[in-house]
Amino acid sequence: MTEKELELSCTDCASAGCGKPNGNYPEFCPTKAMSEADHESAAQTYEDDPFALEVMRAASAVSAAGFDRRWCRAEETIAFALQMGWKRIGIACCAGLMEEGRIFARILRAQGLEPFGICCKVGSVPKGRLGAQASCCDVGEISCNPLLQAKLLAEADTQLNVVLGLCVGHDTLFYQHSEAPVTTLVAKDRATAHNPAGALRAATSASFYNTMLKPNDSLGIKL
Ligand code: SF4
């Protein structure tokens, strides 16, 4: 496919003019394509949804304070929960990050919140029962169980669930099935001490990760 045939979208934009009111929009820009009525309707969507509006208010306040006070993500998560009036905080924790889960629970308690954690291996269901191939058991026989995590956190009446290092795909199911709203504290990345943005930046430099930019057939990101 030539560059011309590519479907251009925001990730191809060099101006990011939507974030600065300077009207610097590329031809393919969805903001440029919006009419006055579209702008009005985009704002109205939040005004019609009191919960969404409350979350937006809280998120904006937390983000501004976080900039100002150099909060880490854990601090912003706590500030968000406090701003929303949520005390009961679920932690959907990866079995490989239980120490981080324990520390986060201690921090939540220290800040007057009520943590309730559920480990991803809860239920001890063998991987074979959940469709895994035998070779997947080389890294452990017990499956992650995001549906049970979501169910048990719902039964515990958590008001906000925090994902702490769930695997890619297992997190997909957890986000889909969580009854409480979800935010992410840790995005699992086994290769980079859970810093996926670091690997993305490294992909354009002399690093092991620049193979990700090579054509798909030479890459080997296949099972
Ligand atoms: S909305 Fe428009 S200006 Fe903003 S990133 Fe997308 S293309 Fe760029």
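Buried area is the accessible area that two parts lose on being put together, summed over both. This quantity is used below for the two domains of a predicted model.

The protein chain contains 8 helices and 4 strands. Their order along the sequence is α-α-α-β-α-β-α-β-α-β-α-α. The C-alpha trace spans about 55 × 50 × 30 Å along its principal axes. Two domains are assigned in the protein chain. Domain 1 covers residues 34-70, and domain 2 covers residues 73-188. Their C-alpha centres are 26 Å apart.

The interface between the domains was examined next. Contacts involve 9 residues of domain 1 and 8 residues of domain 2. The area buried between domain 1 and domain 2 is about 640 Å². Carbon and sulfur atoms give 79% of that area. On the side of domain 1, Phe-51, Ala-58 and Val-62 lose the most area to domain 2. Together these three residues account for 56% of what the domain 1 side buries.

Polar links across the interface were also counted. The rule finds 0 salt bridges between domain 1 and domain 2. The count of residue pairs in polar contact, with both residues at pLDDT 80 or more, is likewise 0. The residues of domain 1 that touch domain 2 comprise 6 nonpolar, 1 polar and 2 charged. Charged residues are thus present on the domain 1 side, while the salt-bridge count across the interface is 0.

The ligand has its own shell of residues. Cysteines in this shell are Cys-10, Cys-13, Cys-18 and Cys-29. Ser-15, Ala-16 and Gly-17 also lie around the ligand. Tyr-25, Pro-26, Phe-28, Pro-30 and Thr-31 complete the list. By class, the shell holds 9 nonpolar and 3 polar residues. No charged residue belongs to the shell around the ligand.

Methods: Residues numbered from 1 in each chain as written. Predicted model: local features only at pLDDT ≥ 70, side-chain atom pairs only at ≥ 80, totals over all residues. Heavy atoms only, no water. Domains from an automatic or database assignment. Contact = heavy atoms within 4.5 Å. Buried area = accessible area lost by both parts, 1.4 Å probe. Salt bridge = Lys/Arg side-chain N within 4 Å of Asp/Glu carboxyl O. Polar contact = N/O pair within 3.5 Å; in protein donor to acceptor, adjacent residues only side chain to side chain. Nonpolar A, V, L, I, M, F, W, Y, C, P; charged D, E, K, R; others polar. Near = heavy atom within 4 Å. Helix = DSSP H or I, 4+ residues; strand = E, 2+ residues; numbered from the N terminus.
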